Amino acid sequence: MLRLRSFVTFSNVIALCALFVALGGTSYAVTRITSKQIKNNSIRSVDIKNRTIKSRDIARGVIGATLQSSAAQVVRDAGPTNVGASQSYTPVATLGGLEPGAYVLLAKVNQSANTFTEGRCRIQAESDVDDSNRGLRPQGTPEGHNLQLVHSFGGTGTAVLACRAAAGAWTASDAKLLAIRIGSARSNVVSG
């Protein structure tokens, strides 16, 4: 008993009381704070421990249409080949069955020819078009066309990558057509 009495001092008793109050306050906060007491839009990324929130914990409406996206792509390594000169476009790759909604459409294709000529490729979605014009050389390195377009389909849609040449015969290779569905899109013509 004498040993214990030497440790029971005023400062030790106060320190022990403070410890119990501190531990009790933490458990109170853990058991008493609910989502109703948290102000909307007040929790930030730094407030959440890594790998503690799962996708099932987030309501569908939170992410909804603003962040939800999908993509589709078609690829054609070679072809068409030896297409004669024409003012009409010949399809190189077609991506159909696109669900209604807004899309970013991206395309790339290499075009070569058997003579000096003007090569032209386009990506088209309904009446929206992006064109690319390149000078082609016989036996030369294929010229690359890179195209992009923003378009909203009201119904099921199709995007087409097509090319033509003014003279001789042309060939396409390494074609890709990509459609990325986004929440919304708009396109404006500007002068500067």
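The exercises below, each with a worked solution, deal with a predicted model of one chain.

Residues are numbered from 1 along each chain as its sequence is written. Because the model is predicted, local features need pLDDT of at least 70 and side-chain atom pairs count only at pLDDT 80 or more, while totals for chains, interfaces and linings use all residues, and side-chain values use heavy atoms, with hydrogens and water left out.

**Exercise 1. The elements of the chain**

State how many helices and strands the chain holds, and in what order the elements run.

Solution. Helices (H or I, at least four residues) and strands (E, at least two) are taken as DSSP runs, numbered from the N terminus. On this basis the chain has 3 helices and 9 strands, and from the N terminus on the order is α-α-α-β-β-β-β-β-β-β-β-β. Of the 192 residues, 23% are buried, where buried means under 20% relative accessible area, exposed means over 50%, and partly exposed lies in between (1.4 Å probe, protein chains only).

**Exercise 2. An open sheet**

Work out the strand order of the sheet that contains β3, β8, β5 and β6, and find which strands stand at the edges.

Solution. Begin with the pairings, for which DSSP must find at least two bridges between two strands.

1. Strand β3 (residues 90-98) pairs with β8 in the antiparallel sense over 6 bridges, and Pro91 has Ala162 of β8 as its bridge partner.
2. Strand β5 (residues 117-125) runs antiparallel to β8 and is joined to it by 7 bridges, with Ile123 opposite Leu161 in β8.
3. Between β5 and β6 there are 9 bridges, again in the antiparallel sense, and Gly119 stands opposite Arg134 in β6.

Taken together, the 4 strands form an open antiparallel sheet in the order β3-β8-β5-β6. Its edges are β3 and β6 (128-136), each with a single partner strand, so one side of each is left without a neighbour in the sheet. From one strand to the next the twist averages 10°, the axes being lines fitted to C-alpha atoms (for helices over the stretch in contact) and the angles running from 0 to 180 degrees between N-to-C directions. As for strand β8 (residues 157-165), 7 of its 9 residues are buried, so β8 is largely enclosed by the rest of the structure.

**Exercise 3. Two buried polar side chains**

Identify the polar partners of Gln111 and of His151.

Solution. A polar contact is a pair of N or O atoms within 3.5 Å; within protein, one must be able to donate a hydrogen and the other to accept it, and residues adjacent in sequence count only if both atoms are side-chain atoms. Gln111, in strand β4 (residues 101-113), is buried at a relative accessible area of 0%. Its side chain makes a polar contact of 2.9 Å with the side chain of His145 and reaches the backbone oxygen of Arg164 at 3.1 Å. His151, in strand β7 (residues 143-153), counts as buried at 6% relative accessibility, and its side chain joins that of Asp128 in a polar contact of 2.6 Å.

**Exercise 4. Salt bridges**

Trace the network of salt bridges that includes Glu143.

Solution. A salt bridge is a side-chain nitrogen of Lys or Arg within 4 Å of a carboxyl oxygen of Asp or Glu, and the whole structure has 4 of them. Glu143, buried at 15%, forms one with Arg134, the closest N and O atoms being 2.7 Å apart, and another with Arg137 (3.6 Å, N to O). Arg134, Arg137 and Glu143 are thus linked in a network, in which Arg134 is partly exposed at 33% and Arg137 is partly exposed at 39%.
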